[in-house]
Amino acid sequence: MVREKIRVSTRTLQWKCVESRTDSKCLYYGRFILSPLLKGQADTIGIAMRRALLGEMEGTFITRAKFEKIPHEYSTIVGIKESVHDILMNLKEIILRSNLYGTCEASICVRGPRCVTAQDIILPPYVEIVDNTQHIASLTEPIDLCIGLQLERNRGYHIKAPNNFQDGSYPIDALFMPVRNVNHSIHSYGNGNEKQEILFIEIWTNGSLTPKEALYEASRNLIDLLIPFLHAEEENLHLADNQKKGSLPLLTFHDRLTQLRKKI
C-alpha cells in the first residue's frame, strides 16, 4: 500500500500543445493534452478549466461612445451612410488587446469622404487593435466625425443601463470574453485498475490573446482560488493545551507544498 501511494503521488503530469492555428485575425485555435491522469481526474480538470476559460478571463472593449449634437441613438447624420446605432454596433465588434486596469479614454477624429475603420481610433500606448480593418462608418461627404470613446477591461457580459443622453454619450453592451469556445474530451487507456486518462482541451479565442495565453491565465486564476484551502485549517486551529485562542502562522503556497512532499 505504501509503495502504491508513493508511485501515484510522484507521477509526472505533462502537457503539450498538439495543434495551433490562426483561422483569421479574430479567431485563434489551440488543442492541448494533459497526461497521465487517474480515472476521473480528466473530467474534474476539464470541467474546471472550461468554466475558468469562459467565465474568469478578462477582456478589453469599448463601453461608451460620445457624439456631438446627436439627439438620440437612432439619429442619422448627414454625410454618413450609417446611423448612430449602426456605428455603435460596429464599435461593439472592435477587438482590443491590452494590460489595462479599469477604464481609459480613446477617440476618433477624421474628415470625409472616406471609410472609417478601427485603424482610425486614437488609443493609449498600452492598448492595441487586433484587426485594424474592422469597419466603423462610411463618410460620403467632406464632413468631420469626432467620437469620444471609453475603454474598459472586465469579465463576463455587461448590459449598460440607459441614462441621460443629453450629452451625446451612449453606453455599449460589452462581452468581456476573449475565449469564444472551449471543448474538452477524454481518452482512456490501460487495463483493469491500471486505467489512466489523457485530457484534450480545445480553445478558440478572439485574437486578443492566444489559446496558450488563455490556458495559462485560466490555470493561474484557478490556483489563486484554491490556495486558501491549503492554509485555511491552520488559521482555525486553536491551542488545546492552555485553552487560549491562537492561530498558527500562515504558510505560503510553496512552504505548504514542501511540507506535503516531505510527508509522502
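In the predicted model, Asp 120 is located in the loop that connects strand S6 (114-117) with strand S7 (121-122). Because buried denotes a relative accessible area under 20%, Asp 120, at 15% relative accessibility, is classed as buried. The side chain of Asp 120 forms a polar contact of 2.7 Å with that of Arg 114. When neighbours within four places in sequence are set aside, the residues in contact with Asp 120 are Ser 107, Ile 108, Val 110, Arg 114 and Cys 115. For Val 110, which is 10 residues from Asp 120 along the chain, the separation of the two C-alpha atoms is 7.5 Å.

A second buried polar residue, Thr 60, belongs to strand S3 and has a relative accessibility of 1%. Two side-chain polar contacts were computed for Thr 60: one of 2.7 Å to the side chain of Ser 98, and one of 3.4 Å to the side chain of Arg 153. Ser 98 and Arg 153 also appear among the contacts of Thr 60 beyond four places in sequence, together with Leu 96, Leu 100 and Glu 152.

Strand S3 (59-66) is also one of the elements against which the buried residues of helix H3 pack. In helix H3 (residues 84-92), the buried positions are Val 84, Ile 87, Leu 88 and Leu 91. Viewed along the axis of H3, these residues lie within an arc of 100 degrees and therefore line one face of the helix. An α-helix has 3.6 residues a turn, so residues three or four places apart point the same way. Besides S3, the packing partners of the buried H3 residues are strand S5 (103-111), strand S9 (135-139), strand S10 (144-154) and strand S12 (169-171).

Terms used
Residues numbered from 1 in each chain as written. Predicted model: local features only at pLDDT ≥ 70, side-chain atom pairs only at ≥ 80, totals over all residues. Heavy atoms only, no water. Buried < 20%, exposed > 50% of the residue type's maximum accessible area, 1.4 Å probe, protein only. Helix = DSSP H or I, 4+ residues; strand = E, 2+ residues; numbered from the N terminus. Arc of directions from axis to C-beta. Contact = heavy atoms within 4.5 Å. Polar contact = N/O pair within 3.5 Å; in protein donor to acceptor, adjacent residues only side chain to side chain.
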